[in-house]
Structure formats: structure tokens, C-alpha cells
There are 2 protein chains.
Amino acid sequence: MSGRERLLIIGGDAAGMSAAAQARRRAPAEKLEIVAFEKGDFTSYGACGLPYYVAGRIDDPEELVSRSAEQHRANGIDVRMRHEVVAVDLDECVVRVRDLEAGSEEVEPFDQLVFANGAEPIRPQFPDVDAEGVHGIQTIGDGIALREHDVSEHLGDRAVVVGGGYIGLEMAEAMHERGMSVTVVEASRQPMSTLDEDMGALVAEAIRKIGLELQTETRVQAFDTDDHGHVRAVVTEHETIPADIVVLGIGVRPSVGVARDAGVEIGPSGGVKTDRRMATSVPGVWAAGDCVEVFHRVSRRPVTIALGTHANKQGRVVGENATAGYATFAGVIGTAITKVCAYEIGRTGLNEKEAREAGFEFVAATIESTTRAHYFQGSPEITVKVLAEKRSGRLLGAQIIGREGAAKRIDVMAAAIWDEMAADEFVELDLGYAPPFSPVWDPTLIAARKAASML
Amino acid sequence: MSGRERLLIIGGDAAGMSAAAQARRRAPAEKLEIVAFEKGDFTSYGACGLPYYVAGRIDDPEELVSRSAEQHRANGIDVRMRHEVVAVDLDECVVRVRDLEAGSEEVEPFDQLVFANGAEPIRPQFPDVDAEGVHGIQTIGDGIALREHDVSEHLGDRAVVVGGGYIGLEMAEAMHERGMSVTVVEASRQPMSTLDEDMGALVAEAIRKIGLELQTETRVQAFDTDDHGHVRAVVTEHETIPADIVVLGIGVRPSVGVARDAGVEIGPSGGVKTDRRMATSVPGVWAAGDCVEVFHRVSRRPVTIALGTHANKQGRVVGENATAGYATFAGVIGTAITKVCAYEIGRTGLNEKEAREAGFEFVAATIESTTRAHYFQGSPEITVKVLAEKRSGRLLGAQIIGREGAAKRIDVMAAAIWDEMAADEFVELDLGYAPPFSPVWDPTLIAARKAASML
């Protein structure tokens, strides 16, 4: 035989196709065959862009695709769309693949395998969750279905978003922008549960100011449907909320079914267990993206975080290691940002609950400032909260909510937390200052200064 | 006697009044008398806000004052306005102060002294530099004079700005916003000489796109005046440019005359020499703000940088040390940002020339990207340049030019450079990603990745 190796990739989104592209860059086609199976209709698409497509800010869903199947093929990667890998035999080194169009199944051999299955939306277990008009929001298909719900003909349509996390709030904004009246239903005391409750309360206030209805500490119990099986209301423990359209934004969990069934080790946080090279428990088998669990550098615990940035980086690492290179994924610190209308939200590191669970004793400092010099008319407000470890002063986490210019300020705190910088060191940083961008003391510095003074 | 000590402060702007306020916080009035002499009309004002006052975005110059003389007095600081310290006798521990209103002089004793004299604009040495209509831009008085030049009655007035650095470009924007036709005259090959020429060329392009006239490699030789002694043209080596108003934005140098005459050591870069506690060469004598030279953490050389952020921090350090505390100023890395109409510019660390002078061998990587996801309509462009040391990969400097969302991205690079992070470590950072704020790979990560790949 030719001695040509075969790398199979399960999943054609960010992680899988980054792995494929990086492997392709490093190994010529005559040495390595690369086949990627994608059960959906699109490769390498930005799922995080779906709310903006639904909102009507992007006209063509293809714009969310950063590289199409054709482009990958032109690049020497054998992409098979609408092909779902349903089982893996790690002893025989073969996968069983279903052609979703033809309905047929084939067996494909591999030398190395990459799990890049992504994540799947958590679907609540109650009556009529599959009714017409109830939408998940993960695939481009979900986005198209939501967009096709023609609001222009039904101004005043009522939308209910179940879940007040990132995707829930982004979808709420999208529906609001399209002129619907939107209610967000959240089971916790505050939306955005990756923030502390005091910061979540500011998010709640902001959401209500925008004109969205928000019901916290409210569990959905069922969906009511009309005679055609279309949703017409969301039933909570408190009341029945009329709804013409429902979006499920409860979150996602790693898709690990095929990997688990194949005997690949799943970690305690529910993702495929990986080492720093993104190797799984089985030699020659790699994993990347939303389906894996990775190391959190501050808590030192395994976590699952579904985010395109990590998926891209991990995919590159896999592509390198699968071609006899050496690359590592350094872990995460849980940085996330979002925008809800005029409000910007950011977080990084550990929140209070996470810090306590990780065994830290810490101080928490919260400050209010502006994102421009105080004398600029309508200088946008910003609230910054910082956690710092007792004794060492090490920065453990930061949370931000504010208006224009607020969210991306989380990056400088992320860099400092990444490098285990102490609050009083952070205060010394030489950050950019000019009146259109910052007060003389940047809000992040003020927050760190307050934390340092509490230590 | 009472044993009450006396702290005299020369200069009532950011550095001096930060020192005063911090000292006041730490020492009660019965233990420490604090007297601050300010030769001008305002304390603690944001000189960096002057362009925005001139542009008409701020209505009352008092808004630039973050704390007035009255507020400082209410806080227990004896502020004497329009008082200029003209000489210091370090043997006798007295200063000679001129009351600019009364025209009289007094002698004031001190136990400790703070030089916070600030900087003075560089005034070119050619005919008619003091003509009517030629304005400096450093004090609120300068701003008022410029603002009083009533453009509304002279639409089409021609303004010439001498100097294409930060303050020059900010003033050019201000005059442009007020409807004047503006020409910027710059002696170097590109504006913004703290950037490398390739990045400066992008600034030049942006300035011209905005509709400002820019003449580079052009030296001003004289000003022409009319019969009333008012400027009417700027004479360069190439041509005579008609001008109804001229702004000098050539830069500033530390005001060290009084300190030098008193025998305080001046450093090689031209500022008052200070140690990490902001102590001068004379015990009990401190210095802070634009008049000092400080340590550059990357080049390891002394530099003078006139910037409110440093002045504030240094003032606090002095206030602490002058009251038997211990505080240090950690140095600078030359971070600066600005905005010229829709364009944002940032820099930190060393540029190519500075890196060579400091003895570094390095690679330079420049990339183009956007500040939002690619699929956002009109996603603002950004160019990022990164320098990284050969062998170590250590980040040495970064330069940014772009539109909305560009400039403050310099902060995360500043934090990394501060901490001596290598380019390939930087690429691993967990930075905030969401489509309204960033592509999946933040432009700063792309630039660092390119630099890392060149090493």
C-alpha cells in the first residue's frame, strides 16, 4: 500500500475544520488523507453570529460561514456534508457513517481520529417542548427558522425566551430589534448566572430599561399549544405567558455520546477528557471544541466552555499534534463578553461562587466609573467588580457591565489574571489614556486599586 | 514650636494635587501643613481635554477641572492660585514665591518640597512666533483663547497646526469639527512620530481621508503677520500657507528651570531625576508629573513622558512617601492612545527605532483585521503591528490604527509587554469574544501569532 495515513474528523465546524486545515498545512495530500464528516449543511460557521442573523443585521446566512465545504475541498480536505458518524470502533479503527441524504451507512477506516462533535442544546423535559414555534438556537437551520417567522406581518408578536444567559439575552435583543414584545424567563434569581448576583442584578436592571420583560426565579413547566400544534403560551409556576414564538436558550452540553460509547474517557465536567495536547484517553484519538473539557487555569479544575475562540485554538493544536508536531492548549480562564442593546457585559476568571468552590479566600471590590473622561457629555457608565485572593493579592476574577466601551476592557484583566498578577501590580500598569476612551484612572485600575486597598 | 511639618508643593495640576491629596489623607492637619502654589488659574485640570473644549464638545472649561482650588481648600490643603515659585534655596529650606496678582514676593519655609512644575510647550525659534492668532495649547487659558476665536462668524477660516503628534492631530480635529479648513505641517516623513513610519503612513492616509490637509517633511520657517500684528500666513520651506489662526503642537519639555537652579539633579532625558520613590537627588525633595524623568521598563532607559495618568500615579506615590509611607512608581512602557475623527490610534512599548536603540534584535509583524466579526456590515478595519524579540519571543511593542474599537485594544498588549510575555504565550490568552466586539481571533492575537511564526 501507499503508506498514506488517514485522518478522520467528526464535525465540520470551528474545531474540526481548524484541525483539518492545520493538518493540511503541515502534511501534503500524498502523505495524509483528511476526511471530515459534518451532519449539518454548513462548515466552519459562526454560531455566535446567529442572533445577529435573526435580528436581520446579516442578510445571508452564508455570511456566517467563514469557510465553505467547497473552499475546504479546494484546500485538499475531503468534506462530506450531511454525513453523521453514528459509531466508532476503536479496536478496528473504523467509524460507521450515515449518509443523511441517501439514508445509507458506510464504514470508514482511520489511522487517527478527531472528535469535534460540538455541543447540543439542553432541551427541557416538559410537555410540548417540540411544538411548532419552539426553536432551539444552535445551527444555521435554527436561525433560518427563526428568521422565517415573519415578524413584519405580525408586529406586536410576543416572544418568550427561556433562559437568561448569553444566548438567551442575545436572542431576546434580536427579537426586540425585530419589533416583538419579548419576555425572558430565568430560573435563577438574576440573569447571566456566570456573574455574581449583584452584577446580575445590574444586568436585570439594564434589560428592563431596554424594554424587555424579565421574570426571574421562574421555572417553565410546560408549553401550551393551539389546535394546529403551534405554541401559544409558556406556562410557568407563576402564570401563563402568551407566546407566538419561543426560543430555548437554556445552554448547551458537550456532545459526547459517540465518544463515550466508543470507550473514550469522559471527564468529571461532562466533556471528553483531554490532556494539554488535546489527546483523549485513546492513543491516536484527539478531541477539540465544545465537546471537550479543558483545564481552568485559576480554579485548576476541568471545565466545559462552548466558545468559538477555544474551538479554533484547540483545533489548530490537534491539527499540529496529529501531524507529528507538538502543540499544547494552555487552558481557559472563562472569559466571556456579550452585548444586549446598548449594554455591554464581560467576565473573566472566577466569580465569587466559583472562587469559594475552588477554596480561595478573597476580597471583592466593586466600583462605578465611566468609559470616557468625566467631562464628555453622556460619558457611558461602567461598573467593574474585581476579586483578589487574600494574602497574595492575586487577581482571581473580574466582571464588567456598562455601556459603550465597557466589555472589551475585560481583556486587560484577563491578561493579568492569566499571568497571576496581583491587584497592586495591576494598578501600576501603563494603560492607554485619552479623554474619548478613558478617565485618567481607567475603571479597571480603580477597581484593582480598591481591591488592593481592602487586602 | 508645634512640631507641625510643612510640605510645599510647586504646581497645582494632576501631580501636585494628587501628592497633596494623598498626603492629606495620610497625615492630619495638626501634624502636617500642606501648601500648593499654582501660577495659573486652575487646579487639577485635564489638559488632555482641551481639544474637546476647543472643538465645542465641552461648554464650560471648569468641567475640565476635576477638583477646584476651593475643593482642595475644603480638604485642608492651602492652595495659593496665581502664585509662582521663582526660586528654591535648598540649604535654607525656603522657596521664593511671586504673587502674580499683587506683584509681590514672599519667602516660604518648608520641611519637604515637591516639584510638580509640569512641562512647557516647545516654542519654535523663528520670527513672529508670538504674533496675535498664534496659540499654544497647554493651559485652560490657551483653550479659552482658541475657543474665543469665533469661527461661526468666519466660516472658512483657515487654521494651520504646526506639529503632527498627538496634541497637533487632536487640535486639528477640533478645528476641523468647528468648520475650519485645516492644514497640519509636520517636519518628519509621517505624522505621529512615536509610531513607525509604516504605521504613520496609515495615519497620514486617515487624516487626508477625513479632509485635513497634511504636509509632511515640511519645516516652518516663519509666520507672516498683517499690519495689526496678527498672523496671516505660515511660511514653510516649500510655500506660504494662508492662516487665520495657528496652533503650535510641537510638543512639550519638562519644566525644570527652578529645580536645576536650586541644584536638583536633572537626568539625561531632560527631566528631574527621580528614584522609584519619586525622590530627587536631594533628601526631602520629591518630584512628580510632566517635569520628571522615569524608568522605561522595556528599554531600561530614563524617559520623559507628559501624561496625566503617570502624573496622577506619581503624585500619589509622593504623597505617600512624604508622609513616612512607602510607595514606588513602577515605571512606564510608553502607552498612548488618541482619536482623530473616526480613526483611533494606539501604541505601547518600543517602536522599531526605539527597539534598535535599546539594542534589541526583533521581528515585526503587521496584520489587518476588523474590530468586529467579519459578517457585521461595515465591520471597522484595524491594523496591528507587533514587535517581538528574537530568541526569547518577548513582546517589545505594539502599534494600532483603526476605526471604532481599535485603540483600547492596546491595553491588553500593554499588560503583556509589562509582564514580559512572549508572543506565543500571548496567542494563548483567553480574550473576550462576541461578534459585536471581535472576530473569533482577536486582531491582537493574530498579530502576535504572526510574530511568533516569524521567530
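Of the 455 residues in chain A, 56% count as buried. Keep in mind that this is a predicted model. Chain A has twelve helices and 26 strands. Its radius of gyration is 23 Å, close to the 23 Å that the globule rule gives for 455 residues, so chain A is as compact as a globular protein of that length. Along the principal axes, the C-alpha trace of chain A spans about 75 × 60 × 40 Å. Take the contacts in chain A between residues at least 6 apart in sequence: 66% of them join residues at least 24 apart.

**Domains of chain A**

Chain A splits into domain 1 (5–120 + 253–321), domain 2 (123–250) and domain 3 (344–454). Note that domain 1 is written as two segments, 5–120 and 253–321. How far apart are the C-alpha centres of domain 1 and domain 2 of chain A? They lie 30 Å apart. Where these two domains of chain A touch, 13 residues of domain 1 are in contact with 16 residues of domain 2. The domain 1 side of that contact has ten nonpolar, two polar and one charged residues.

**How the two chains meet**

Chain A can be laid on chain B with an RMSD of 0.0 Å, using a turn of 180° and a shift of 0.0 Å along the axis. The two copies are thus related as by a two-fold rotation axis. Which C-alpha of chain A is nearest the axis? That of A:V412, at 2.2 Å from it. Both copies use the same surface, with 100% of the contact residues of chain A recurring in chain B.

The contact between the chains takes 48 residues from chain A and 48 residues from chain B. On the chain A side, the elements that give two or more residues are α8 (308–321), β22 (336–340) and α10 (410–418). The largest share of that side comes from α10(A), with seven residues. By class, the chain A side divides into 29 nonpolar, eleven polar and eight charged residues.

**Around strand β23 of chain B**

Over in chain B, strand β23 (residues 343–349) is worth a look. Seven of its seven residues are buried, so β23(B) is largely enclosed by the rest of the structure. Strand β22 (residues 336–340) of chain B runs antiparallel to β23(B), and five bridges join the two. B:V340 stands opposite B:Y343 of β23(B). The hairpin of β22(B) and β23(B) has two residues between the strands, and there B:C341 takes a positive phi near 50°.

β23(B) also pairs with strand β26 (residues 395–402) of chain B: six bridges join them, and they run antiparallel. One residue to follow in this pairing is B:I400 of β26(B), the bridge partner of B:G346. Is B:I400 buried or exposed? B:I400 is buried, with 28 other C-beta atoms within 10 Å; the cut-off for a buried residue is 20 or more. B:I400 and B:I345 are 55 residues apart in sequence, yet their C-alpha atoms are 5.6 Å apart in space. Leaving aside neighbours within four places in sequence, B:I400 is in contact with B:I345, B:G346, B:I382, B:V384, B:A406, B:A407, B:R409 and B:I410.

**A hairpin and some positive phi angles in chain A**

Back in chain A, strands β4 (residues 83–89) and β5 (residues 94–99) run antiparallel and are joined by six bridges. Within this pair, A:V88 has A:V95 of β5(A) as its bridge partner. The hairpin of β4(A) and β5(A) has four residues between the strands, and A:C93 takes a positive phi near 55°.

Two residues of chain A found in loops are set out below.

| Residue | Phi | Loop in chain A | C-beta neighbours within 10 Å |
|---|---|---|---|
| A:R82 | about 55° | between β3 (78–81) and β4 | 14 |
| A:M278 | about 70° | between β18 (272–273) and β19 (285–287) | 30 |

A:R82 is not a glycine, though its phi is positive, and A:M278 is likewise a non-glycine residue with a positive phi. As for their surroundings, A:R82 counts as partly exposed, whereas A:M278 is buried.

Conventions: Residues are numbered from 1 along each chain as its sequence is written. Chains are lettered from A and ligands numbered from 1 in the order in which they are written. This is a predicted model: local features need pLDDT of at least 70, side-chain atom pairs count only at pLDDT 80 or more; totals for chains, interfaces and linings use all residues. Domain bounds come from an automatic or database domain assignment. Two residues are in contact if their C-beta atoms, placed from the backbone, lie within 7 Å. Ala, Val, Leu, Ile, Met, Phe, Trp, Tyr, Cys and Pro count as nonpolar, Asp, Glu, Lys and Arg as charged, and the others, Gly among them, as polar. A residue is buried if 20 or more other C-beta atoms lie within 10 Å of its own, exposed if 12 or fewer, and partly exposed in between; C-beta atoms are placed from the backbone. Two strands pair if DSSP finds at least two bridges between them. The radius of gyration is taken over C-alpha atoms; the globule rule is 2.2 Å times the number of residues to the power 0.38. Copies are superposed by least squares on the C-alpha atoms of residues with pLDDT of at least 70 in both.
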